[in-house]
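Could you walk me through the aromatic rings of this structure and what surrounds them? A short briefing would be welcome.

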Amino acid sequence: YAVAKDTARAGRALHQFAERVGEYRDIFRSIEIVRGGLADYSESRMNEAIEKLRRADSKGCPICLLPYIAEAYDKLGIVDSTIFVLERYVAATWLSRINVDIVSLVPSYERLARNYEKNGDLSKAGVYYSRIVELWQDADPELQPIVDAARDALRRTSTELRGAS
């Protein structure tokens, strides 16, 4: 809901989560910090969102908030920080990461590839475009435009790399 800029629903969903976790309430150091960070995020106050989401670094999930922090950096145009946070996310080893990856892995690969391309690192951009193609090559038809765009970008970066050699 925060990503969709529906602040009211994001707040309600987070409140429901906080009520349901009961004795496990400390999954996040502070539900209030997360709530504030997501509200800032949904209202495009990216600097405030980053600060709050970084402070709320989750205890139970070492990677859950990283894609949101990276997206906020990306929206601010801070390429190196975007890359740093996303590299931390994709490299993390965590048994339950599938719960985050379902929503965030391919968008993170896309964001990494675009930012590496901005930085002129076409080789690393190609790595992430390749991962999208590999991961979703057999995905449902509605996801194929993402795969096609990644294939096109991979061809483009490969051609540029060959031309630079």
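Here is a friendly tour of the aromatic pairs, one arginine and one helix.

Please keep in mind that this is a predicted model. The structure holds two aromatic pairs, and Tyr-109, Tyr-116 and Tyr-128 form one aromatic cluster.

**The aromatic cluster**

- In the pair of Tyr-109 and Tyr-128, the ring centres lie 5.6 Å apart. The planes of Tyr-109 and Tyr-128 meet at 40°, which is over the 30 degrees limit for stacking but not over 60, so this pair counts as tilted.
- Tyr-109 belongs to helix α6 (residues 98-118) and Tyr-128 to helix α7 (residues 122-136), so this pair links distant parts of the chain, 19 residues apart.
- Burial applies to both partners, Tyr-109 and Tyr-128.
- Tyr-116 and Tyr-128 make a stacked pair, with 6.1 Å from centre to centre and 5° between the planes.
- Because Tyr-116 sits in helix α6 and Tyr-128 in helix α7, their pair ties together parts that are twelve residues apart in sequence.
- Tyr-116 is buried, as is Tyr-128.

**Arg-97 and its surroundings**

- Arg-97 is found in the loop between α5 (79-91) and α6.
- Is Arg-97 buried or exposed? Its relative accessibility is 13%, and the cut-off for burial is under 20%, so Arg-97 counts as buried.
- The face of Tyr-89 has Arg-97 lying over it, at 5.1 Å from the ring centre.
- The side chains of Arg-97 and Asp-101 are joined by a polar contact of 2.6 Å.
- Setting aside neighbours within four places in sequence, Arg-97 is in contact with Ile-63, Tyr-89, Val-90, Ala-92 and Leu-105.

**Helix α7**

- Helix α7 has 15 residues, and from its first C-alpha to its last it reaches 21 Å, close to the 21 Å expected at 1.5 Å a residue.
- Which residues of α7 are buried? They are Leu-122, Ala-125, Gly-126, Tyr-128, Tyr-129, Ile-132 and Val-133.
- These buried residues cover an arc of only 170° around the axis, which means that they are on the same side of α7.
- Among the elements that cover the buried residues of α7 are α5, α6 and α8 (144-164).

**Bringing it together**

- Tyr-128 is one of the buried residues of α7, and it forms one aromatic cluster with Tyr-109 and Tyr-116.
- Helix α6, which holds Tyr-116, is also among the elements covering the buried residues of α7.

Terms used. Residues numbered from 1 in each chain as written. Predicted model: local features only at pLDDT ≥ 70, side-chain atom pairs only at ≥ 80, totals over all residues. Heavy atoms only, no water. Phe/Tyr/Trp six-rings, centres within 6.5 Å; stacked < 30°, edge-to-face > 60°. Helix = DSSP H or I, 4+ residues; strand = E, 2+ residues; numbered from the N terminus. Buried < 20%, exposed > 50% of the residue type's maximum accessible area, 1.4 Å probe, protein only. Lys NZ or Arg CZ within 6 Å of the ring centre and 35° of its normal. Polar contact = N/O pair within 3.5 Å; in protein donor to acceptor, adjacent residues only side chain to side chain. Contact = heavy atoms within 4.5 Å. Expected span 1.5 Å × (residues − 1). Arc of directions from axis to C-beta.
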